[in-house]
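Thanks for making the time this morning. I would like to walk you through one model, beginning with how its helices pack and then turning to a few individual residues.

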Amino acid sequence: MTTPATTSADQSIKPLRLLFTLALLGYVALHLGFQFLRWILPAENTTLISRSQSAGFLDLFLLALPLVAVLIASHVAPQLAGSKIFALVALIEYAVAIVFGGITFLIGLGGLGWVDTFPETIDALGHVVLTVARLGLVALAGYAVLRVFLALGGRVTLPAALHPPA
């Protein structure tokens, strides 16, 4: 009679780390791309201001997924070989989210000028405060990823085969 080999929980998930990292970063990239298209392309009965107010560049899962991907790649031993590249991709995603989140926030402020009632005032104030808070959270997560990227060496160098001849 043989006893089955038991593995710890962390050993059973380690082979999937690369897949999870790629999936999380890839999903955020796809989300940002489709949000950009949804924001920039006019739809029936919408204006740029209304699309800007509902743009999803600062969604909370967008905040968390790149950070989780970088932590999975870099902080679980053994560190994945592409951790520095994954951190760079996450930094780019955070930069895109902050830039377009800030632009859509500023454009969306133009739609807050038609506040007539107290509930509309509360909604407008909530929109402003929560969007500024989400911008801050995304910036904080981006800063955390920047610190990880710098701790990993902070530079991405091309292999010698890709350098142009001198």
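**Helix packing and three residues**

Let me start with helix α5, residues 83-108, which packs against α6 at an angle of about 160°, the two axes lying 9 Å apart. Because an angle over 145 degrees counts as roughly antiparallel, α5 is roughly antiparallel to α6. Please keep in mind throughout that this is a predicted model.

The crossing of α5 past α6 is left-handed. On the α5 side the contact is made by Lys84, Ala87, Leu88, Ala90, Leu91, Tyr94, Ala97, Ile98, Gly101, Gly102 and Phe105, and on the α6 side the residues include Val128, Thr131, Val132, Leu135 and Val138, with Phe149 also among them. If we sort the residues of this contact by class, we find 17 nonpolar, four polar and one charged.

Now to the other pairing, in which helix α4, residues 60-75, packs against helix α6, residues 118-151, at an angle of about 15° and with the axes 9 Å apart. Since angles under 35 degrees count as roughly parallel, α4 is roughly parallel to α6. This crossing, of α4 and α6, is left-handed. From α4 the contact takes in Leu60, Leu63, Leu67, Val70, Ser74 and His75, while α6 contributes Arg134, Leu137, Val138, Ala141, Ala144, Val145 and Val148. By class, the contact of α4 with α6 comprises ten nonpolar, two polar and one charged residues.

Let me move on to single residues, beginning with Ser83, which sits in helix α5. Is Ser83 buried or exposed? Its relative accessibility is 3%, so Ser83 counts as buried. Leaving aside residues up to four places away in sequence, Ser83 touches Ala73, Ser74 and Leu152, and you may recall Ser74 from the list of α4 residues that contact α6.

Two points of backbone geometry remain, and some background may help here: most residues other than glycine have a negative phi, and most peptide bonds are trans. In this model, Ala77 and Pro78 are joined by a cis peptide bond, with omega at about -10°, and Pro78 is found in the loop between α4 and α5. Asn45, for its part, has a positive phi of about 60° although it is not a glycine. Where does Asn45 lie? Asn45 is in the loop between α2, residues 17-40, and α3, residues 48-53, and with a relative accessibility of 77% Asn45 counts as exposed.

Technical notes:
Residues numbered from 1 in each chain as written. Predicted model: local features only at pLDDT ≥ 70, side-chain atom pairs only at ≥ 80, totals over all residues. Heavy atoms only, no water. Axes fitted to C-alpha atoms, helices over the stretch in contact; angles between N-to-C directions. Helix = DSSP H or I, 4+ residues; strand = E, 2+ residues; numbered from the N terminus. Parallel < 35°, antiparallel > 145°, perpendicular 65-115°, else oblique. Left-handed = near helix turned anticlockwise from the far one by under 90°. Contact = heavy atoms within 4.5 Å. Nonpolar A, V, L, I, M, F, W, Y, C, P; charged D, E, K, R; others polar. Buried < 20%, exposed > 50% of the residue type's maximum accessible area, 1.4 Å probe, protein only.
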